[in-house]
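Here's a walk through one chain, going from helix packing to cores to a few odd backbone spots. Keep the viewer open as you read.

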Amino acid sequence: MPDSHLSEIRDLHLFADMQEAHFERLIRASYVQNFPPQIELISEGDPSDFLHILVTGSVDLFSSWNDRETSMATVRPISTFILAATVKDAPYLMSARTMEKSRIMLIPSQDVREAFSNDGQFARAIVDELAQCYRGVIKNTKDLKLRTSLERLANYLLRQQIRSGGGASFTLDAEKRRLASVLGMTSENLSRAFKGLRPYGVQVKGAEITITNQADLEGFAKPNPLIDNRSS
């Protein structure tokens, strides 16, 4: 692995303050692998053998039940997934597949749990990350339960606008079928929702979005920091 990637992994909040000897032990136990697009990395229900760190590419976290499937989240570099299953030594609650060519570091879960027991700074960082994930789940649940489909889409577009630099025009970070799944809609409902946002200044051309009336869209969406993570 290039030193630049290793440095970025070391700088992750999860590893930043752990003892050097413990970090080096984790790295020695790990291995890095390149995966092509659309490869299933883990399956829900399987034992959590590894902590995954996405170095390059992107990963879709998804779940299936009764012949239905939904996207849960997108993982982008450099970040870990799925930490809770590793710490609990429990089965994965989600599956994961690559969305594009991706490079992933795999650290055996047993080594992560050993470091958790022996390194107080690492343990605190894990608790902090799990707490952050829990708060993210609460925000997502509130978004799904308290907002209409039109309001969910409007707030998603405002969040994506910020992540894309804040300009009036930006590109969706997911194809529309997957976006519908993330927002708890069907593809047909998503199409109707885009049309429903036209009066609030939303123009759509393929994956390109242009917001022509920022005030109207924000007035309709009513973004809320207790629901929305609008950081870039």
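## Helix 4 and its two partners

Bear in mind that this is a predicted model. Let's start where helix 4 runs into helix 5: on the helix 4 side the touching residues are V112, A115, F116 and N118, and on the helix 5 side they are G120, F122, A123 and I126. Sorted by class, that contact holds six nonpolar residues, two polar ones and no charged ones. As for geometry, the axes of helix 4 (residues 109-118) and helix 5 (residues 120-146) come within 6 Å and cross at roughly 110°. That angle is why helix 4 counts as roughly perpendicular to helix 5.

Helix 4 also has business with helix 2 (residues 20-29): here the axes come within 10 Å, and the crossing angle is roughly 175°. The two are therefore roughly antiparallel to each other. Helix 2 brings H22, L26 and A29 to this contact, while helix 4 brings D111, V112, A115 and N118. The class tally for this one is four nonpolar, two polar and one charged.

## Helix 6, end to end

Does the length of helix 6 come out as expected or not, and what are the numbers? With 15 residues (149-163) at 1.5 Å a residue, helix 6 should span 21 Å, and its end C-alpha atoms are indeed 21 Å apart, so the two agree.

Helix 6 has a run of buried residues: R152, L153, A154, N155, Y156, L157, L158, R159, Q160 and Q161. Note that the list takes in R152 and R159 along with N155, Q160 and Q161. After the helix comes G165, with a positive phi near 110°.

## Two nonpolar cores

Which residues have the most contacts inside the largest nonpolar core? They are L153, L157, L190, F194, L197 and I209, in a core of 21 residues. Several elements chip in at least two residues each: helix 6, helix 7 (176-182), helix 8 (187-196), strand 11 (208-211) and helix 9 (214-221). Helix 6 gives the largest share, five residues.

If you click on I209, look for these neighbours, leaving out residues up to four places away in sequence: L157, A168, S169, F170, L172, F194, V202, Q203 and V204. Apart from that core lies another one, made of 19 residues, including F15, L51, M105 and A115.

## Cis peptides around strand 6

Now for the backbone. P77 and I78 are joined by a cis peptide bond, with omega about -20°. I78 sits in the loop that connects strand 5 (68-75) to strand 6 (79-81).

There's another cis peptide bond between F81 and I82, where omega is about -15°. I82 falls in the loop between strand 6 and helix 3 (83-88). Is I82 buried or exposed? Its relative accessible area is 12%, under the 20% cut-off, so I82 counts as buried. Setting aside neighbours within four places in sequence, I82 touches I42, L51, L61, Y92 and M94. For a longer ruler, the C-alpha atoms of I82 and R178 are 20 Å apart, with their positions 96 residues apart along the chain.

## Positive phi without glycine

Which phi does D67 have, given that it is not a glycine? It is positive, at about 65°. D67 is in the loop between strand 4 (59-65) and strand 5. With 82% relative accessibility, D67 counts as exposed because the cut-off is over 50%.

K222 isn't a glycine either, and its phi is positive too, at about 50°. You'll find K222 in the segment after helix 9. Its relative accessible area is 58%, so K222 is exposed.

Back inside helix 9 you'll find E218. At 31% relative accessibility E218 counts as partly exposed, since that value falls between the 20% and 50% cut-offs. To place E218 in space, use A174: they are 44 residues apart along the chain, and their C-alpha atoms are separated by 22 Å.

Conventions:
Residues numbered from 1 in each chain as written. Predicted model: local features only at pLDDT ≥ 70, side-chain atom pairs only at ≥ 80, totals over all residues. Heavy atoms only, no water. Helix = DSSP H or I, 4+ residues; strand = E, 2+ residues; numbered from the N terminus. Expected span 1.5 Å × (residues − 1). Buried < 20%, exposed > 50% of the residue type's maximum accessible area, 1.4 Å probe, protein only. Axes fitted to C-alpha atoms, helices over the stretch in contact; angles between N-to-C directions. Parallel < 35°, antiparallel > 145°, perpendicular 65-115°, else oblique. Contact = heavy atoms within 4.5 Å. Nonpolar A, V, L, I, M, F, W, Y, C, P; charged D, E, K, R; others polar. Core = buried A, V, L, I, M, F, W, Y, C linked by side-chain atoms within 4.5 Å.
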